[in-house]
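Welcome, and thanks for taking a look with me. Here is a short note to help you find your way around.

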Amino acid sequence: MAKWVYGFGGGQADGAATMKSLLGGKGANLAEMSNLGLPVPPGFTITTEVCTYYYSNGQTYPADLDAEIDTALAEIGRIAGRPFGDPDDPLLVSVRSGARASMPGMMDTVLNLGLNDDTVEALARRGGDRRFALDSYRRFIQMYSDVVLGVEHGAFEEILESFKEGNGHTLDTDLSADDWAAVIARFKALVEEELGRPFPQDPREQLWGSISAVFSSWMNARAITYRRLHDIPESWGTAVNVQAMVFGNMGETSATGVAFTRNPSTGDRALYGEFLVNAQGEDVVAGIRTPQDLTEAARKASGSDRPSLETVMPDAYTEFAAICETLERHYRDMQDVEFTVEQGRLWMLQTRNGKRTAKAALKIAVDLAEEGLISEEEAVARIDPASLDQLLHPTIDPKAERNRFATGLPASPGAATGEIVFTADEAEDLKGKGHQVILVRVETSPEDIHGMHAAEGILTTRGGMTSHAAVVARGMGRPCVSGAGAIRIDYRTETMIAGDVTLKKGDKITIDGTAGEVLIGEVSMLQPELSGDFAKLMVWADRARRMKVRTNAETPADARVAREFGAEGIGLCRTEHMFFEGDRIIAVREMILAEDEDGRRAALAKLLPMQRQDFLDLFEIMGGLPVTIRLLDPPLHEFLPKTDEDIADVAAAMGADAEKLRERAEALFEFNPMLGHRGCRLAITYPEIAEMQARAIFEAAVEAGEKTGKPVVPEVMVPLVATKAELDLVKSLIDAMAAAVTAERGTTIDYHVGTMIELPRAALSAGGIAESAEFFSFGTNDLTQTTYGISRDDAARFLGVYVQKGVFEQDPFVSLDQDGVGELVKIAAERGRAVRDGLKLGICGEHGGDPASIGFCETVGLDYVSCSPFRLPIARLAAAQAALLLHKA
């Protein structure tokens, strides 16, 4: 018989931290803290299996769930010493979501559940504070009505603001008990007016309404968006946690707060967080009141004049600090905790592994390894390779002039420049049109998630370091400045003002999330460098990985950056990319448009010295590391003149008639150029092209070897091969040119000839091709195109819909389709190595920088992956993790 409900509290629990799939992260960790004997308010978790049942059975529940919940409620009442629904001494509860993966703010929560017109008076008697009880009741009505009944939150805010204005109040704390009673009456009248029925008074009705609302919120728009952005499967579902309420708003000896056991922005080993005296949890993250620092050190560093928790409640702070140390050592990771102090007594409400910036993740992983809590291999395994992108973005040049507009809190590090936008929808719209934007809000909410993802950075005028904007921005790797209170935003006029300076929508600003500054205009940036913790972790990663990591590069600048980022050679030099500049493009067009071989050779003679110098530069920079050079590959149409001006330029260079050139260009038109006259087909029909390139490669290799004293062994790659016969024809041209250069230079040239496997036929006939090829490089961009029959250039029109509707799990051009395209890679690898022992295998498509695809490459046994220079650290780390995972298995 299935068990749907798991209890916790009183120093014991039915569950444990290992049961996240069933209990969700929050429920599993509440159980674990209870088992550790920490002060946790009693409660129970309704499992994720109930969520699955709920959606599979027309939003209904298992027949025996009701009885299990009644039993669990009775046990909470026994531990807490007060029954649920008791009109004289009621047990109040919170109802919160808790998915397997943390989804902060994406789903719904209800607090103070169990309050009604009778129990609110009992709460007032118990606490000796009627104002507190009524404040709790109005919060409950507002939250329950919004989350469960569907009455707009803003309607309640309007009533409250109107009441405060009419009675000369500024802050919520200015309202008396009688004031709250009057506000509650208006709130209840609004509910009845909107729904045609009174606000529910039965605590059991309230509880079931809240449970259903939390399960329903798993499929709300913001949760769906968050799951899509963070690759969280819909099938996981969420758990629901019902827990006895403890109150941080029971006067000056009560407080509530959130904390990280280490700094989530920098990774420094120090308690980091905020709290508020006489407040409930949502007050801290909502940005309505400015929170206070936990520690004296943090208070001094921030320049705040508000006392720290360490000063205000020293006993509670000492106990809290000790618990944080216990939790971090137990979980062996930085923890994100929530706590409440109720009339001097500390309660722990949540712990989870804390979200952090990439910089902090690196420091924390390295520090934990050096502190002996985890191994070096565990440190490598803990870093999400994709998150390293956060460290590879520009930072503001210290020498740059800073025209400061305002300052705020450094909520998420890094810097970004963009046009000001004031709504999430506008941010997403402009991003789609190619604009870079900064999303500017008074405060963000979960509904802004799509705009935050679209923006280069986020700026808010309210909220602290643990506000919604700060937490979400850090998770996304977006720079964020929060709490910039000197800025006044006017959404109506789409302007923001600080002092006597007004900026409007569309103006450019730069935000520095590391310093907490907002700067006017575009500011010069510096590229990051690998050093410190980054470099240390990369050393550990390199020690763990098996596959080599090369780069895709054809310019000296890219090659130098790649070497700095740890490239172990060039896996793909696209020679066509060298031909799009100045005089080169004219010479290429001369060659293409020439009517005979003599004309083509004359044009190629102009290109030879340029190509030779290109290759010489790359060989010298790589200093003896392998360099794979792909012969000219693209469809001819990419080089052809299209405008009258271009045609005139080529005609002048060739001394030819412009009209004849136009006719020649039209004659070369192809209906499907990606499957047309390209790759090895060019070399076979125009062998002089391959001969020129081979000569340039071999002459450069000889010269580079002489200059550097390190032998250069070029790898010449023939593209778009479908048959062994094609490769043999082109290889004979390459071999002949190597022999000619050897004879001319009087030196032996060592080299390898291989091919790209980018056509399904090549993969299936790899055994035959391997008789001639010394290496295979999988060109998975084209292999994906030709396997699916999808044009990569046109697929954006429908691939998003395919992913959205579940036709594809993800874009196959972003992450390798392991079942289809991957199967072809496996077949080619097995058949090729069966014929040629030790056949070198690599991948050089965009997938070479995708962590999931790199994991696949490890399982297939490829020798290397190759990716763009700025993806190299990601590829190095992903390759290490793949090797560790395979070894562990």
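The points below go through the cores, one helix, two sets of strands and two loop residues.

1. First, a word on what you are viewing: this is a predicted model. Please keep that in mind for each of the points that follow.

2. A good place to begin is the largest nonpolar core, which has 130 residues. Those with the most contacts inside this core are Leu537, Phe615, Phe619, Phe698, Val718, Ile734 and Phe776. Helix 26, covering residues 687-708, supplies eleven residues, the largest share of this core. As general background, nonpolar side chains in soluble globular proteins tend to be buried together.

3. If you would like one residue of that core to click on, try isoleucine 734. Which residues is isoleucine 734 in contact with, leaving aside its neighbours within four places in sequence? They are Leu631, Ala694, Phe698, Val716, Val718, Tyr751 and Val753. Two of these names, Phe698 and Val718, also appear among the residues with the most contacts inside the core. There is also a second, separate core of 85 residues, and Met106, Met143, Ala213 and Cys480 are among its members.

4. Next, have a look at helix 4, which spans residues 119-127. Its buried residues are Thr119, Val120, Ala122, Leu123 and Ala124. What do the buried residues of helix 4 pack against? The partner is helix 5, residues 130-149. Just after helix 4 comes glycine 128, with a positive phi of about 65°.

5. Strand 7, residues 255-260, deserves a moment of your time. Six of its six residues are buried, so the strand is largely enclosed by the rest of the structure. Both faces are covered: Ala255, Gly257 and Ala259 are buried on one side, and Thr256, Val258 and Phe260 are buried on the other.

6. Which strands does strand 7 pair with? One is strand 8 (residues 272-277), joined to strand 7 by six bridges and running antiparallel to it. Within this pairing, threonine 256 stands opposite leucine 276. Another is strand 10 (residues 335-342), also antiparallel and also paired over six bridges. There, valine 341 is the bridge partner of alanine 255. In general, the strands of a sheet pair through backbone hydrogen bonds.

7. Elsewhere, three strands make an open sheet in the order 19-20-21, with antiparallel pairing. Strand 19 (488-490) and strand 21 (501-504) are at the edges with a single partner strand each, so one side of each has no neighbour in the sheet. From one strand to the next, the twist averages 20°. Strand 19 pairs with strand 20 (residues 495-498) over three bridges, and isoleucine 489 has methionine 496 as its bridge partner in strand 20.

8. Finally, two loop residues are worth checking by eye. Asparagine 278 has a positive phi, near 55°, in a residue other than glycine. This asparagine lies in the loop between strand 8 and helix 10 (281-286). Leucine 720 is not a glycine either, yet has a positive phi of about 55°. This leucine is in the loop between strand 28 (715-718) and helix 27 (724-745).

9. Are these two loop residues buried or partly exposed? Asparagine 278 is partly exposed, because its relative accessible area is 22% and buried means under 20%. Leucine 720 has 3% relative accessibility, so this residue counts as buried.

Conventions. Residues numbered from 1 in each chain as written. Predicted model: local features only at pLDDT ≥ 70, side-chain atom pairs only at ≥ 80, totals over all residues. Heavy atoms only, no water. Core = buried A, V, L, I, M, F, W, Y, C linked by side-chain atoms within 4.5 Å. Buried < 20%, exposed > 50% of the residue type's maximum accessible area, 1.4 Å probe, protein only. Helix = DSSP H or I, 4+ residues; strand = E, 2+ residues; numbered from the N terminus. Contact = heavy atoms within 4.5 Å. Pairing = 2+ DSSP bridges. Axes fitted to C-alpha atoms, helices over the stretch in contact; angles between N-to-C directions.
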